[in-house]
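Me: Please take a close look at the cysteines in this model and whether any are bonded to each other. After that, add a description of one helix packing contact.

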Amino acid sequence: MGKTLAEKVWESHIVRRGEVVNGQAEPDLLYIDLHLVHEVTSPQAFEGLRLAGRKLRRPDLTIATEDHNTPTINIDRPIADPTSRTQIETLRANCREFGVRLHSLGDAEQGIVHIIGPQLGLTQPGMTVVCGDSHTSTHGAFGSLAMGIGTSEVEHVMATQTLPLTPFKTMAINVEGTLKPAVTSKDIILAVIAKIGTGGGQGYVLEYRGSAIRALSMDARMTICNMSIEAGARAGMVAPDETTFEYLLGRPHAPQGADWDAAVEYWRTLRTDDDATFDAEVFLDANELEPFVTWGTNPGQGVSLSQSVPAPEDFADENEKAACKRALEYMALEAGTPMKDIRVDTVFLGSCTNSRVEDLRLAADIIRGRQKDPNIRMMVVPGSARVRLEAEAEGLDKVFKDFGAEWRFAGCSMCLGMNPDQLAPGERCASTSNRNFEGRQGKGGRTHLVSPVVAAATAVRGTLSSPSDLDPVPPAAALPSDDGTTSHAA
């Protein structure tokens with residue numbers, strides 16, 4: 001019988017297959033190709049090595065960056081927050097001691113860990129990739145098996161370059177059709193989560209397939225795989241294809257010359273076999289999708305932007321009724337309120353979900369020539385220093401600044417409220433990040449998950465909005481694009 005993409009990658013990395021002992025199957029021991037490290041989950045792991053007198057097994061397969069606790073302004077000054085400063089200084093000391101390559105604040109390659117792996121060409125098809133961060137699933141967009149791991153597992157990988165894992169089930173997410181204008185990969189994944197629930201992918205590796213997925217750029221595929229975790233899955237994957245190869249070609253750590261040709265030949269074999277069987281399948285019609293937005297306090301509590309806030313009575317399941325009631329209370333929303341009538345205080349464009357240069361371009365195209373709602377605060381935080389430099393070379397920073405947005409340095413920023421970029425209690429945010437849990441962006445903060453284009457349109461109107469809700473840009477505000485043609489934001 002044929003194998004799925006996930007099964008092929010798994011099988012090629014087994015160091016020792018788990019035996020059945022007393023009727024119980026032991027985990028398989030898998031080799032790990034790439035270990036990504038940041039300041040939050042690594043200190044205890046490094047200390048474990050130190051106490052055991054162990055060295056780092058493969059420093060050459062380990063790379064670190066500063067992202068979660070980093071400030072996104074005044075990065076040339078000492079970090080003001082004492083906890084953040086301690087974590088960053090500890091990471092720097094550990095990387096020096098154990099010989100780990102580290103991209104620190106001010107480094108051109110510093111940024112969110114899930115942004116820098118792909119942009120450096122470290123993330124490649126057929127790899128196993130781990131990091132002490134749940135959104136490691138991002139890297140699965142390249143056809144790699146990428147998983148978030150806990151602190152004890154981080155130490156295990158550091159010491160052995162292997163990880164004991166129990167085999168997962170597989171689920172195909174089939175998305176066929178063509179997306180409408182202003183519908184993006186963020187809307188696909190929010191619709192998937194709303195369809196299967198935040199626990200629907202539990203125990204599975206998801207493979208995103210179909211014509212709508214194949215038509216997406218690598219940046220867009222990374223957005224979808226990133227939020228596989230919000231569906232409860234262990235990982236998300238997309239089979240590598242010409243789009244993948246084109247993205248990787250010429251990147252610093254990608255194979256070159258004859259090695260490149262050999263790599264691509266192997267990568268082409270990683271697609272799921274025609275006669276392979278998935279444990280479960282889900283189907284989504286891309287033609288019917290609209291811009292999506294969350295109304296509640298988990299990523300599965302979402303609806304199309306054209307709809308209204310649901311009521312507890314709309315749900316048959318008692319647990320869902322109770323969850324809806326609690327979410328409406330926390331979010332200070334009334335059932336039946338049109339989503340487009342919900343006013344926000346802050347718009348956040350950033351996070352490992354939507355802070356790549358393509359995301360910034362999409363948002364800039366919407367706001368170019370327009371005025372920001374004066375009551376809205378908008379923060380734009382590129383995912384890496386390299387993304388920031390690329391955006392500035394294209395003049396995107398000027399578009400955001402002219403609009404009245406804050407143009408920040410790279411970091412996780414307001415995605416998780418672990419750094420100075422936080423919502424105040426009661427503040428409402430349209431956020432391109434991945435989680436809308438209570439207090440996720442700051443104690444008492446209220447989060448609506450949206451795509452970059454919805455975030456941009458919302459910043460213009462002040463309420464949750466789609467680009468189609470905006471008035472046309474006056475001709476005088478149209479700006480020439482790089483190819484000499486005229487670009488309008490509409």
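Reply: Cys 131 is buried in this predicted model, with a relative accessible area of 0%. The closest cysteine sulfur to that of Cys 131 belongs to Cys 412 and lies 9.7 Å away, too far for a bond. A disulfide would need the two sulfur atoms within 2.5 Å, so the pair Cys 131 and Cys 412 does not qualify.

Cys 412 is in no disulfide either. The nearest cysteine sulfur to Cys 412 is that of Cys 415, at 6.5 Å. Cys 412 also counts as buried, because its relative accessibility is 7% and the cut-off for buried is under 20%. A search of the whole structure gives the matching total: 0 disulfides.

The helix contact is between H2, residues 43-52, and H5, residues 151-160. Their axes come within 8 Å and cross at roughly 50 degrees, which means that H2 is oblique to H5. The crossing of H2 and H5 is right-handed.

On the H2 side, the contact is made by Gln 44, Ala 45, Phe 46, Gly 48 and Leu 49. These meet Thr 151, Val 154, Glu 155, Met 158 and Ala 159 of H5. By class, the residues in the contact of H2 with H5 are 6 nonpolar, 3 polar and 1 charged.

Definitions and conventions
Residues numbered from 1 in each chain as written. Predicted model: local features only at pLDDT ≥ 70, side-chain atom pairs only at ≥ 80, totals over all residues. Heavy atoms only, no water. Axes fitted to C-alpha atoms, helices over the stretch in contact; angles between N-to-C directions. Helix = DSSP H or I, 4+ residues; strand = E, 2+ residues; numbered from the N terminus. Parallel < 35°, antiparallel > 145°, perpendicular 65-115°, else oblique. Left-handed = near helix turned anticlockwise from the far one by under 90°. Contact = heavy atoms within 4.5 Å. Nonpolar A, V, L, I, M, F, W, Y, C, P; charged D, E, K, R; others polar. Buried < 20%, exposed > 50% of the residue type's maximum accessible area, 1.4 Å probe, protein only.
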